[in-house]
Amino acid sequence: MSRWRAAAARISAAAESRLLSRAFSRVGTPAPQPPCRGFSKASAAAAASSRGPAAAAATTTATAAGARPEVRLNSMFLSKPCSLALPPDSPLRVEDPKFEGIKHLMLTLLLFYSKQSKSIRGANVVYHRITSQVDKSDIFDVFQLEKTFKTTFSLLVLHMWLILRRLKEEGKDGVKFGQYIYEIYNHDVELRVSKAGVNLLLTKWMKELEKIFYGNIVKYDSAISPEARQDDLVNVIWRNVYADEGSEAMDAAAALARYTRREATCLSLTDKEAMFSGNFKFTALLPNSPSPAKPVR
């Protein structure tokens, strides 16, 4: 049995009688929040996000209220990649509060506006974008996955790889910023494992999950390199995400590979400011319900 299967099986077994279903049945496990009021406004406005390019491939059934959209995997994620940066007037944007006078002076003295503080706040926002995509039921519905610890963790690692890969393009600054995100990710994974009911030998399991993380990162880098074959990424995703789902999941694995390639290109087209501030949004997977009016700031 592979290291991942062994670790996931032990975690799932320990959690089965306790908290696993409760830990991952909710959409949106809370991620660490940046100390910024603008972030709360952005979170509250999440329902008002615009429809992504991939959503056109899924159609809703008008007959029963609340019916799930019909998913056509073979026609999804074929549109031209584009920047994922949020427009200037998007309610999802996160901006640092702008103070003047004594408030600005006090915050400056407290290093609120220092480069490190801005980076930490930006890293929190970026990680929130990741968990917002991974914890939604849409991603499990579209890619035909059961929501378990293994599948959630696998998708989390995949999206972390997408972000870290993009940040490497920014040189040393990107690598350093990526380290802040990785530290937030590590803390979040520890909370998820704990909520899954695994409290004994937590350090041991965290080390196992860390090995899995770095192993998957290397495999994804290799599968998307110029020397890789076209189906290498599909095979890696199938092994990392769908290995326990059976061979019938290959179509879904191929769709997830197309999504991954497209998001990687879209992120490369996303500017540095958007990446470092977290003012971007992964492609929507399903059509959204009608958006409410833009909230008053």
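These legends describe close-up views of a predicted model.

**Figure 1. The whole chain is built from twelve helices and two strands.**
The order of elements along the sequence is α-α-α-β-β-α-α-α-α-α-α-α-α-α. The two strands therefore follow three helices, and nine helices come after them, as the pattern under the DSSP assignment shows. The protein has 297 residues, and 47% of them count as buried. Its exposed surface is about 15300 Å². Carbon and sulfur atoms supply 56% of that surface. Among contacts with a separation of 6 or more, 75% join residues 24 or more positions apart.

**Figure 2. The largest nonpolar core holds 68 residues.**
In general, nonpolar side chains of soluble globular proteins tend to be buried together. Which members touch the most others in this core? They are Phe143, Ile163, Tyr185 and Tyr242. Eight helices each supply at least two core residues: α5 (115-134), α6 (137-142), α7 (149-168), α8 (171-195), α9 (202-223), α10 (232-242), α11 (250-269) and α12 (272-277). The largest share comes from α7, with twelve residues.

**Figure 3. Ile163 is one of the core residues that touch the most other members.**
This view leaves aside the neighbours of Ile163 within four places in sequence. Beyond them, Ile163 is in contact with Val126, Ile130 and Ile181, among others. The list also includes Leu267 and Met275. Phe280 and Phe282 complete the set.

**Figure 4. Cys82 and Cys266 are in no disulfide.**
A disulfide is a covalent bond between the sulfur atoms of two cysteines. The structure holds zero of them. How far from Cys82 is the nearest cysteine sulfur? That sulfur belongs to Cys266 and is 4.9 Å away. For Cys266, in turn, the nearest cysteine sulfur is that of Cys82. The cut-off for a disulfide is 2.5 Å, so the pair does not count as one. Is each cysteine buried or exposed? Cys82 counts as partly exposed, at 33% relative accessibility. Cys266 counts as buried, at 0%.

**Figure 5. Arg166 and Glu170 meet in a salt bridge.**
Side chains of opposite charge can pair when their charged atoms come close. Here the N to O distance is 2.9 Å. Arg166 is buried, with a relative accessible area of 3%. Glu170 is partly exposed, with a relative accessible area of 24%. The structure has nine salt bridges by count.

**Figure 6. A salt bridge between Lys272 and Asp173 links distant parts of the chain.**
The closest N and O atoms of the two residues are 3.8 Å apart. Where do the partners sit? Lys272 is in helix α12, and Asp173 is in helix α8. They are 99 residues apart. Lys272 is partly exposed, with a relative accessible area of 36%. Asp173 also counts as partly exposed, at 36% relative accessibility.

**Figure 7. Glu263 pairs with Arg262 in a salt bridge.**
The closest N and O atoms are 3.8 Å apart. Are these partners buried or exposed? Both Glu263 and Arg262 are buried.

**Figure 8. Three charged residues form a network of salt bridges.**
The linked residues are Asp135, Asp188 and Arg192.

Notes. Residues numbered from 1 in each chain as written. Predicted model: local features only at pLDDT ≥ 70, side-chain atom pairs only at ≥ 80, totals over all residues. Heavy atoms only, no water. Core = buried A, V, L, I, M, F, W, Y, C linked by side-chain atoms within 4.5 Å. Buried < 20%, exposed > 50% of the residue type's maximum accessible area, 1.4 Å probe, protein only. Helix = DSSP H or I, 4+ residues; strand = E, 2+ residues; numbered from the N terminus. Contact = heavy atoms within 4.5 Å. Areas by Shrake-Rupley, 256 points an atom, 1.4 Å probe, with all protein chains shown as cover. Salt bridge = Lys/Arg side-chain N within 4 Å of Asp/Glu carboxyl O.
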